[in-house]
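Here is a brief report on ring contacts and one strand residue. The structure comes first, the reading after.

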Amino acid sequence: MTLIICIDEKGGLSFANRRQSQDRALREYIMSNFVTDKIIMSNYSYKQFSEYTNVIADDDFLINAVKGDVCFIEGYEIPVDRASKIILCNWNRHYPADKFFNTDLAAKGFDKISENRIKGYSHDEITIETYIRSIA
């Protein structure tokens, strides 16, 4: 399973059960990199992606997700142990947060294989780090 997670520069995921931020350039980047894959996410997240045909809304998506699925996660517990690939999208800003992604990916068997920077629409720069599981 591939997990796509948006974080701030301190690992913040959400605040008061709401996303910290969003950016249309990041959505376009995600969709251009997963053109042939279905991407599953919550109904809350789906509101950002509803114009895309390969996006599926399911509030139980993390329970129903299987090997090979691509999941866009906002504000949920992150099932790192079920993932084979993690894409962290860093806003490169600090936002208020009460949920954090503070998992040591190296300790969980992940290696960083790439780091890209894109120009966001509402963010000067968004850093996208891709990790793959190197050990079972």
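Two arginines place their charged ends over tyrosine rings. A charge sits over a ring if NZ of Lys or CZ of Arg is within 6 Å of the ring centre and within 35 degrees of the ring normal.

| Charged end | Ring | Distance from ring centre |
|---|---|---|
| Arg-19 | Tyr-44 | 4.2 Å |
| Arg-24 | Tyr-121 | 3.4 Å |

This is a predicted model: local features need pLDDT of at least 70, side-chain atom pairs count only at pLDDT 80 or more, and totals for chains, interfaces and linings use all residues. Residues are numbered from 1 along each chain as its sequence is written, and side-chain values use heavy atoms, without hydrogens and water.

Rings also pair with rings. The structure holds two aromatic pairs (Phe, Tyr or the six-membered ring of Trp, centres within 6.5 Å). In one, Phe-49 and Tyr-52 have ring centres 6.3 Å apart and planes at 50°. That pair is therefore tilted (planes under 30 degrees apart count as stacked, over 60 as edge-to-face, the rest as tilted). Ring pairs join Phe-49, Tyr-52 and Phe-72 in a cluster. Phe-49 is buried (under 20% relative accessible area, 1.4 Å probe, protein chains only), at 1%.

Now to Glu-129. It lies in strand S10, residues 126-133 (strands are DSSP runs of E, at least two residues, numbered from the N terminus). Glu-129 counts as buried because its relative accessibility is 18%. Its side chain makes a polar contact with the side chain of Lys-112, at 3.4 Å (N or O atoms within 3.5 Å, one able to donate a hydrogen and the other to accept it). Residues up to four places away in sequence aside, Glu-129 touches Ile-86, Ile-87, Leu-88, Lys-112, Ser-114 and Glu-115 (heavy atoms within 4.5 Å).

Methods. Helices (H or I, at least four residues) and strands (E, at least two) are DSSP runs, numbered from the N terminus. Buried means under 20% relative accessible area, exposed over 50%, partly exposed in between (1.4 Å probe, protein chains only).
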